[in-house]
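Student: Could you take me through the surroundings of the ligand in this model, and then outward to the charged pairs and the odd backbone angles? I would like one connected account that I can follow with the structure open beside me.

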Amino acid sequence: MIKLENVSKTYRMGSVEVRALQDVSLAVEQGEMMALVGRSGSGKSTMMNILGCLDIPTAGSYLLDGEEVTHLKDDRLAEIRNRKVGFVFQTYNLLPRLTAIANVELPLLYGNGRQGRKRSMAALDRVGLAHRARHRPVELSGGEQQRVGIARALVKQPALLLADEPTGNLDSGASASIMGTLQRLNRDEGITIIVVTHERDIAAHTRRIVTLSDGAIITDEPVLSPLDATEAERLGEDGS
Ligand code: ADP
Ligand code: MG
């Protein structure tokens, strides 16, 4: 599904060049669940932006579902992104004045109406939050807000979900529950999931850990027995 070949990304700031990615090659199959780890500044967000078609490499090739995306114009890139990729953010990025279901509905832009409502409710249901549809973010726990964020990422049925530190603002109970949700979506719906994290025990919920250092992949290892958090998801955030 994803094929990066010799991808580099250089940012220019005045006369200074920052090489955020250097000659990175990576293949990810449909249905994989992978963690991208590495210290701050190692290039994780840069890589996610390229994988999610938010940005293009300075050099190298990126094939997404067999399509070369490195030379596309902004509007074509946006079209592919909208069709194929869902994003989950550390800070949820919900609009505070909108209800959960209205937040989920936002990416649909037009065709809201009754059909959009139905799809949004179905997305909320897929993350176990249908019963909170009419609540605003301030009335929801951190874990519940992140579930709304995941539902919003799912509403357009992307094949690829990119999550940048999705549990970074959550306590350990809520983190496990969110990882359980991502595991279930990966297992039951075959969605390809890539999670950026700096926490080893979060990465341990995936089946593959890729480590970046100074913009290069230094290790790429399978997780032999991933932690299973689907039970944590079923029990809820406080484990009761
Ligand atoms: P991480 O997400 O692992 O912390 P980033 O991908 O955000 O790493 O950053 C990698 C390197 O690229 C860092 O040195 C960072 O300062 C630099 N960088 C990231 N984005 C930009 C930008 N828009 N302009 C200039 N330098 C950037
Ligand atoms: Mg980052």
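Tutor: By class, the shell around ligand 1 in this predicted model has 4 nonpolar, 6 polar and 2 charged residues. You can pick them out by name: Tyr11, Met13, Val18, Ala20, Arg39, Ser40, Gly41, Ser42, Gly43, Lys44, Ser45 and Thr46. Going by the classes, Tyr11, Met13, Val18 and Ala20 count as nonpolar, while Arg39 and Lys44 count as charged.

Let's look at the polar contacts in that shell. A backbone N or O atom of Ser45 sits 2.9 Å from an oxygen atom of ligand 1. For Gly43, a backbone N or O atom is found 3.1 Å from an oxygen atom of the ligand. Ser42 also takes part through its backbone, with a polar atom 3.2 Å from an oxygen of ligand 1. As for coverage, ligand 1 on its own has 560 Å² of accessible area, and the protein covers 63% of that. Three elements give two or more residues each to the shell: E1, E2 and helix H1 (44-51). Of these, H1 supplies the largest share, with 3 residues.

Now turn to the nonpolar residues, as some of the names come back. Tyr11, Met13, Val16 and Val18 make a nonpolar surface patch of about 350 Å². Strand E1 (2-13) and strand E2 (16-28) are the elements that give two or more residues to this patch. Val18 is a good residue to select here: it lies in strand E2, and it counts as partly exposed because its relative accessibility is 35%. Val18 belongs to the shell around ligand 1 as well, and you may want to keep in mind that the accessibility of a residue is computed with only the protein chains as cover.

While you are in strand E1, have a look at Asn6, which lies in that strand. Its phi is near 50°, a positive value in a residue other than glycine. With a relative accessibility of 41%, Asn6 counts as partly exposed. There is a second case of this kind at Asp214, where phi is likewise near 50°, again positive in a residue other than glycine. Asp214 lies in the loop between E9 and strand E10 (216-222). Its relative accessible area is 59%, so Asp214 is exposed.

Strand E9 also leads us to the charged pairs. Side chains of opposite charge can pair when their charged atoms come close. The structure holds 16 salt bridges. One of them joins Arg208 to Glu32, with the closest N and O atoms 3.1 Å apart. This pair links distant parts of the chain: Arg208 belongs to strand E9 (residues 208-213), Glu32 to the loop between E2 and strand E3 (33-37), and 176 residues separate them. Both Arg208 and Glu32 are buried.

Another group of charged residues involves helix H2. Start from Arg76, whose side chain meets that of Glu67 in a salt bridge with an N to O distance of 2.7 Å. Arg76 also meets Glu79 in a salt bridge, this time at 3.0 Å from N to O. Glu79 and Arg76 are separated by about one helical turn, because they are 3 residues apart in helix H2 (residues 74-84). Salt bridges that share partners join Glu67, Arg76, Glu79 and Arg83 into one network.

How accessible are the members of this network? Glu67, at 25% relative accessibility, counts as partly exposed. Arg76 counts as partly exposed too, at 29%, and Glu79 is partly exposed with a relative accessible area of 39%.

One last stop is Lys84, which lies in helix H2 as well. Its relative accessibility is 13%, and since buried means under 20%, Lys84 counts as buried. If you want a distance to check in your viewer, try Lys84 and Arg119: they are 35 residues apart along the chain, and their C-alpha atoms are separated by 17 Å.

Note on methods. Residues are numbered from 1 along each chain as its sequence is written. Chains are lettered from A and ligands numbered from 1 in the order in which they are written. This is a predicted model: local features need pLDDT of at least 70, side-chain atom pairs count only at pLDDT 80 or more; totals for chains, interfaces and linings use all residues. Side-chain values use heavy atoms; hydrogens and water are left out. Patches are made of residues with over 30% relative accessible area and no salt bridge: like charges are joined within 9 Å, nonpolar side chains (Val, Leu, Ile, Met, Phe, Trp, Tyr) within 5 Å. Accessible areas come from the Shrake-Rupley method with a 1.4 Å probe; for residues, only the protein chains shown count as cover. A salt bridge is a side-chain nitrogen of Lys or Arg within 4 Å of a carboxyl oxygen of Asp or Glu. Helices (H or I, at least four residues) and strands (E, at least two) are DSSP runs, numbered from the N terminus. Buried means under 20% relative accessible area, exposed over 50%, partly exposed in between (1.4 Å probe, protein chains only). A residue is near a molecule or strand if one of its heavy atoms lies within 4 Å of it. A polar contact is a pair of N or O atoms within 3.5 Å; within protein, one must be able to donate a hydrogen and the other to accept it, and residues adjacent in sequence count only if both atoms are side-chain atoms.
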